[in-house]
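Got the viewer open? Let's take a short walk through this one, picking out a few spots to select along the way.

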Amino acid sequence: MSDSLSVTPERVLTPVPPRPGRRQRPAVNAHRKREALTAYVFLAPWFVGLFVITVGPILASLYLSFTDYSLLEEGSWVGADNYVKMFTQDDRFLTSLKVTTIYVVVSVPLQLAFALLLALALDRGLRGLPFYRSVYYLPSLLGGSVAIAILWRKLFGVDGLFNAVLAIFGIEGPGWVSSPDTALGTLILLHVWTFGAPMVIFLAGLRQIPRSYYEAASVDGASRLRQFRSITLPLLTPIIFFNLVLEVIKSFQSFTQSFIVSGGNGGPVDSTLFYTLYLYLKGFKSYEMGYAAAMAWVLLLIIAGLTGVNFLASKYWVFYGDTK
């Protein structure tokens, strides 16, 4: 038998073409970069506004609060002197803080209670509900305007409409806005009158409560008051908390009402000297802009502290579904 050499042909390896995805990856990356660039271009005005209009002035005011700066002369660094003077030497600052605190503590609960009361009335299915909702919301749109503040000053003046109504019953009313005992009360009443915004939010919250809860409570013999205490109020606590936080912040920033009603000086006898009004007087009347900047930062800390306290306390009285 002859030896034969068998030669096995070599296996030809066919090159595997690269996956289409790998070949297109550079194109995909370029497309994503273009999309990101387009997004940044559209966001550029917002970033400019954030840093130029918001962040920049905030940092500038923080620096100015440590300086003796006026609008007419270049400021000089004084450290924490503005803050020390504020709490130890400035009696009007403490008065403005006291007046504003009384205004917030009294007006906010009254406003929220009145708004909730009207929301409960409107939630009973009145005919023409959109009309009433719009009418009741109107004071919130107009209450912070100069025109309403002027009207309020005339309404509670010595010869105002309120005293004219009292005269029908033989009562001689005082000048409500010119008396230190009643001037702040007129501003509190004005704030309560601007109940429209929280009322609309309350009404939206009431519409989210299932009617089946009330039907089951009625079958069990629960009265309307018991239904309000056991169903409406607990389920509405997140809305109450939301309105409370917003109204506290808004009340501390009130300015127009006090400025117009008091004639721009917080009178009579500083009884309507709101914190923001005194800040304005210091910055733009006395030209103590560094001191005014320090007051602004103290107000920021007060509002932030109260908001934090509200959030911490909310876990004890705000109910979210089945949890507190």
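Start with helices α3 and α10, which cross in a right-handed way. To bring them up in this predicted model, select residues 91-122 for α3 and 224-252 for α10. Their axes sit 10 Å apart, and the helices pack at an angle of about 140 degrees. With that angle, α3 counts as oblique to α10, because the cut-off for roughly antiparallel is over 145 degrees.

Now show side chains where the two helices meet. On α3, pick out Thr100, Tyr103, Val104, Ser107, Val108, Gln111, Leu112, Leu116 and Leu120. Their partners on α10 are Phe228, Thr232, Leu236, Asn243, Leu244, Glu247, Val248, Ser251 and Phe252. What mix of residue types does this contact of α3 with α10 have? Colour by type and you should find eleven nonpolar, six polar and one charged.

Next stop: helix α11, residues 256-261. Click on Gln257, which lies in this helix. Is Gln257 buried or exposed? Its relative accessible area is 11%, so Gln257 is buried, the cut-off being under 20%. Leaving aside residues up to four places away in sequence, Gln257 touches Gly143, Gly144, Ala149, Leu187 and Leu190.

Finally, zoom out to the whole chain. You're looking at 13 helices and two strands. Of the 324 residues, 35% count as buried. Switch on the surface: the protein exposes about 20600 Å², with carbon and sulfur atoms supplying 65% of that. And if you draw contacts between residues at least 6 apart in sequence, 69% of them join residues at least 24 apart.

How values were computed:
Residues are numbered from 1 along each chain as its sequence is written. This is a predicted model: local features need pLDDT of at least 70, side-chain atom pairs count only at pLDDT 80 or more; totals for chains, interfaces and linings use all residues. Side-chain values use heavy atoms; hydrogens and water are left out. Helices (H or I, at least four residues) and strands (E, at least two) are DSSP runs, numbered from the N terminus. Buried means under 20% relative accessible area, exposed over 50%, partly exposed in between (1.4 Å probe, protein chains only). Contact means heavy atoms within 4.5 Å. Accessible areas come from the Shrake-Rupley method with a 1.4 Å probe; for residues, only the protein chains shown count as cover. Axes are lines fitted to C-alpha atoms, for helices over the stretch in contact, and angles run from 0 to 180 degrees between N-to-C directions. Angles under 35 degrees count as roughly parallel, over 145 as roughly antiparallel, 65 to 115 as roughly perpendicular and the rest as oblique. A crossing is left-handed if the near helix is turned anticlockwise from the far one by less than a right angle, and right-handed if clockwise. Ala, Val, Leu, Ile, Met, Phe, Trp, Tyr, Cys and Pro count as nonpolar, Asp, Glu, Lys and Arg as charged, and the others, Gly among them, as polar.
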